[in-house]
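Biologist: I'd like to go through this structure slowly and ask how you know each thing you say about it. Could you show it to me first?

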Amino acid sequence: MHKFESQIFINRPPQEVFEFVTDPANSMKYQSGVKSAEWTSNGAVGVGSTFKVVNRFMGRDIDAELQITDWQPPTQNTFKTISGPVPFEVTVKTEPQGEGTLMTQTGQVEFSGVFKLAEGMTGKQLDKQMKADNQTLKDLLESNSK
């Protein structure tokens with residue numbers, strides 16, 4: 001199992017950061033591996049809501065359906081896989097810090113198959129991609145504030 005944590009300061013209010021990162025449709029704007037993402041449940045978003053994501057990671061497409069397990073706008077959101085080949089869970093926290101937001105992502109992923117064989121390398125690649133994606137998110141949200 002690979003555990004991860006990533007933090008970044010974004011010079012935007014927590015509500016704005018939370019709303020942006022919890023909308024699957026925005027994933028493709030800042031997550032380099034996301035090919036598609038959409039809600040699969042109807043109604044108000046909250047615990048139990050589901051969405052589908054297709055990720056490209058290390059040359060492979062990975063389809064997953066995810067479910068929100070914790071929903072505390074605008075401070076915390078947790079989701080986990082309910083179907084797909086790579087089980088994972090992610091918590092995103094958005095905390096006020098000065099005039100902006102400290103966003104912290106923590107989670108764990110259970111690699112299997114070819115990813116399990118090279119778990120150390122796979123985990124490092126995931127960490128590297130998350131850091132780059134968070135920088136893209138920061139740049140995107142801060143540039144939209146001007």
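**How do you know?**

Modeller: Let's start with leucine 140, which sits in helix H4. Keep in mind that this is a predicted model.

Biologist: Okay, what makes leucine 140 partly exposed?

Modeller: Its relative accessible area is 22%. Buried means under 20% and exposed means over 50%, so a value in between is called partly exposed. That is why leucine 140 gets the label, at 22%.

Biologist: And which residues does leucine 140 touch, leaving aside its neighbours within four places in sequence?

Modeller: Phe20 and Lys29. Lysine 29 is 111 residues away from leucine 140 along the sequence, but their C-alpha atoms are 8.3 Å apart in space.

Biologist: How do you know they're in contact, then, with 8.3 Å between the C-alpha atoms?

Modeller: Contact means heavy atoms within 4.5 Å, so it isn't judged by C-alpha atoms. Leucine 140 and Lys29 are in contact by that test.

Biologist: Let's zoom out. How many helices and strands does the protein chain have?

Modeller: There are 4 helices and 7 strands. Along the sequence they follow the pattern β-α-α-β-β-β-β-β-β-α-α.

Biologist: What order do the strands take in the sheet?

Modeller: E1-E7-E6-E5-E4-E3-E2, in an open sheet with antiparallel pairing. From one strand to the next, the twist averages 20 degrees.

Biologist: Why are E1 and E2 called edge strands?

Modeller: Each of them pairs on one side only. For E1, the partner is E7, and the two are antiparallel over 9 bridges.

Biologist: How do you know that E1 and E7 really count as a pair?

Modeller: Two strands pair if there are at least two bridges between them. E1 and E7 have 9 bridges, so by that rule they are a pair. One example is isoleucine 8, whose bridge partner in E7 is methionine 103.

Biologist: And on the other side of E7?

Modeller: E6 pairs with E7 over 10 bridges, also antiparallel. Glutamate 89, for instance, has glutamine 108 as its bridge partner in E7. Lysine 80 stands opposite that glutamate 89 as well, and E5 and E6 are joined by 5 bridges.

Biologist: What is special about the hairpin of E6 and E7?

Modeller: It has 2 residues between the strands, and glycine 98 takes a positive phi near 60 degrees there. Most residues other than glycine have a negative phi, and most peptide bonds are trans.

Biologist: Where is there a cis peptide bond?

Modeller: Between proline 73 and proline 74, with omega at about -5 degrees. Proline 74 is in the loop between E4 and E5.

Biologist: Why do you say E7 is largely enclosed by the rest of the structure?

Modeller: Because 8 of its 10 residues are buried. Threonine 104 lies in that strand, and at 8% relative accessibility it counts as buried, since the cut-off is under 20%. Its side chain also makes a polar contact with the side chain of glutamine 7, at 2.9 Å.

Biologist: What makes that 2.9 Å a polar contact?

Modeller: The limit for a pair of N or O atoms is 3.5 Å. The threonine 104 and glutamine 7 side chains come in at 2.9 Å, so the pair fits within that limit.

Biologist: Is threonine 78 in E5 buried or exposed?

Modeller: Buried, because its relative accessible area is 7% and the cut-off is under 20%.

Biologist: Now helix H1. How do you know that its buried residues line one face?

Modeller: The buried ones are Pro14, Val17, Phe18, Phe20 and Val21. Looking down the axis of H1, they fall within an arc of 165 degrees, so they line one face of the helix. H1 lies across E1, E4, E5, E6 and E7.

Biologist: And which residues have the most contacts inside the largest nonpolar core?

Modeller: Val21, Met103 and Leu137, in a core of 20 residues. Among the elements that each supply at least two residues of this core are E1, H1 and helix H4. Leucine 137 is in contact with both of the others, Val21 and Met103, as well as residues including Ile10 and Tyr30.

How values were computed:
Residues are numbered from 1 along each chain as its sequence is written. This is a predicted model: local features need pLDDT of at least 70, side-chain atom pairs count only at pLDDT 80 or more; totals for chains, interfaces and linings use all residues. Side-chain values use heavy atoms; hydrogens and water are left out. Axes are lines fitted to C-alpha atoms, for helices over the stretch in contact, and angles run from 0 to 180 degrees between N-to-C directions. Buried means under 20% relative accessible area, exposed over 50%, partly exposed in between (1.4 Å probe, protein chains only). The arc is that of the directions from the helix axis to the C-beta atoms. A nonpolar core is a set of buried Ala, Val, Leu, Ile, Met, Phe, Trp, Tyr and Cys residues joined through side-chain atoms within 4.5 Å. A polar contact is a pair of N or O atoms within 3.5 Å; within protein, one must be able to donate a hydrogen and the other to accept it, and residues adjacent in sequence count only if both atoms are side-chain atoms.
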